[in-house]
Amino acid sequence: MLRSFVTLAGSALVALAVAVAVASGGPSAAGSFPVTVVASNGKVTVSKRPTRIVSLSPTATETLFAIGAAPQVVAVDDQSDFPKSAPKTSLSGFTPNVEAIAGYRPDLVVIAYDPKGLSGALQRLGITVLHQDGAKSFKGAYQQIRQLGMVTGRDAAAAKVVSGMKAKIAAIVKKARTGRAGLTVYHELTPDLYSATSKTFVGQVYTALGLKNIADAADSVGTGYPQLSAEYIVSTSPDVIVLADTVCCGEKASSVAARPGWDRVSAVRTGSIVRIDDSIASRWGPRLVNFFRAMSSALTRLRQ
């Protein structure tokens, strides 16, 4: 009798712990539903494992495929260009068509933006929406990956992706920080010289690598994305230039070197110009590791 009571009490405690974890947005047992997470659109409850997911977030698309949820994804937006096997459509996350989205009969829609009350319109149709705004930190990016694991029943896979990212990035940072210190970097978002400061997600990559961002001192308004002048960039002469406008605008080392006066810039003289795919530089998912690798390679060449 006593043994039976202890067993039942233990089971009840386990069930209670799982319930609390799910309600708080913490780890749940794989495939345990319903599950509730806290996203940019508040508390979101997914009643059962979704089988028809529409992703209107390129970052979420990459994450869903990385955690093994590809079989559950029926459509992605026109900006989701990775992986190539993703079921790309003409759906837009910026100018969404509610009827077109609903036409895919989704039981979960993941968005990175909420234009024109998109989430509310979909919810009124009985469609669950998970809004994951742009992550502001590495911690936030990891949390979003775990969150997608929870709502898709891929908890273990998501945890593995996160732990793998952390380990790889830590190793890259450790290697990159050995050697010369105090190197400066200029991150180019567009050919008209918009950049990103250390306050931004991408800027935190450079901080982690021990680089000094020249855009920080020029951000008088504090937006995190100041437009620099050619004169300022030439005068600060950054040691490394990162081009995040290679796909959109075709920028490359030769076009940068051809700019008037830029032949005096340290990065141009040493060939320390990194061409990074626009999508990798603007997303906060699993390919963040690729960004770190590209930067580490550039720093290694610079030190040789």
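These legends walk through several close-up views of a predicted model.

**Figure 1. The whole chain, to get your bearings.** Let us start with the full protein chain, which holds 13 helices and ten strands. Of its 304 residues, 49% are buried. Looking at contacts with a separation of 6 or more, 60% link residues that sit 24 or more positions apart. The chain exposes about 14,400 Å², and carbon and sulfur atoms supply 58% of that area.

**Figure 2. The largest pocket.** Here we move in on a pocket with about 480 Å³ of space. Which residues are the closest to its centre? They are Leu 189, Val 202, Tyr 225, Ala 281 and Ser 282, out of 16 residues in the lining. Two elements, α7 (201-208) and α12 (278-282), give two or more residues each to this lining. The helix that gives the most is α12, with three residues. Sorted by class, the lining of the largest pocket has eight nonpolar residues, four polar ones and four charged ones.

**Figure 3. The second largest pocket.** This view turns to a pocket with a volume of about 380 Å³. Its lining is made of 18 residues, and the closest to the centre are Pro 58, Gln 79, Ser 279, Ser 282 and Arg 283. At least two lining residues come from α2 (58-66), and at least two from α12. Which helix gives the most to the lining of this second largest pocket? Again the name to remember is α12, with three residues. The classes here divide into six nonpolar, six polar and six charged residues. Readers may recognise Ser 282, which was listed among the residues closest to the centre of the largest pocket and is listed here for the second largest pocket too.

**Figure 4. Helix α7, one of the contributors to the largest pocket.** Is α7 mostly covered or mostly open? It is mostly covered, with six of its eight residues buried. Those buried residues are Phe 201, Val 202, Gly 203, Val 205, Tyr 206 and Ala 208. One of them, Val 202, is also among the residues closest to the centre of the largest pocket. After the helix comes Gly 210, which has a positive phi near 80°.

**Figure 5. Asp 239 and its neighbours.** This charged residue is found in the loop between α8 (230-236) and β9 (240-243). Is Asp 239 buried or exposed? Its relative accessible area is 15%, so Asp 239 counts as buried. The side chain of Asp 239 has a polar atom 2.9 Å from the backbone nitrogen of Thr 184, and it also makes a polar contact of 3.4 Å with the side chain of Ser 266. Val 185 is 54 residues away along the chain, yet its C-alpha atom is 5.9 Å from that of Asp 239. Leaving aside residues up to four places away in sequence, Asp 239 touches Gly 182, Leu 183, Thr 184, Ser 266, Ala 267, Thr 270, Ser 272 and Leu 302.

**Figure 6. Ser 272, a partner of Asp 239.** The last view shows Ser 272, placed in the loop between α11 (266-270) and β10 (273-275). Ser 272 is buried because its relative accessibility is 7%, and the cut-off for buried is under 20%. Its side chain joins that of Thr 270 through a polar contact of 2.9 Å. Beyond residues up to four places away in sequence, Ser 272 touches Asp 239, Val 240, Ile 241, Ala 267 and Leu 302.

Terms used
Residues numbered from 1 in each chain as written. Predicted model: local features only at pLDDT ≥ 70, side-chain atom pairs only at ≥ 80, totals over all residues. Heavy atoms only, no water. Helix = DSSP H or I, 4+ residues; strand = E, 2+ residues; numbered from the N terminus. Buried < 20%, exposed > 50% of the residue type's maximum accessible area, 1.4 Å probe, protein only. Contact = heavy atoms within 4.5 Å. Areas by Shrake-Rupley, 256 points an atom, 1.4 Å probe, with all protein chains shown as cover. 1 Å grid on protein atoms, 1.4 Å probe; cavity = no way out; pocket = protein on both sides within 12 Å on 5 of 7 lines; lining within 4 Å. Points joined across faces, edges and corners; volume = space filled by probe spheres on them. Polar contact = N/O pair within 3.5 Å; in protein donor to acceptor, adjacent residues only side chain to side chain.
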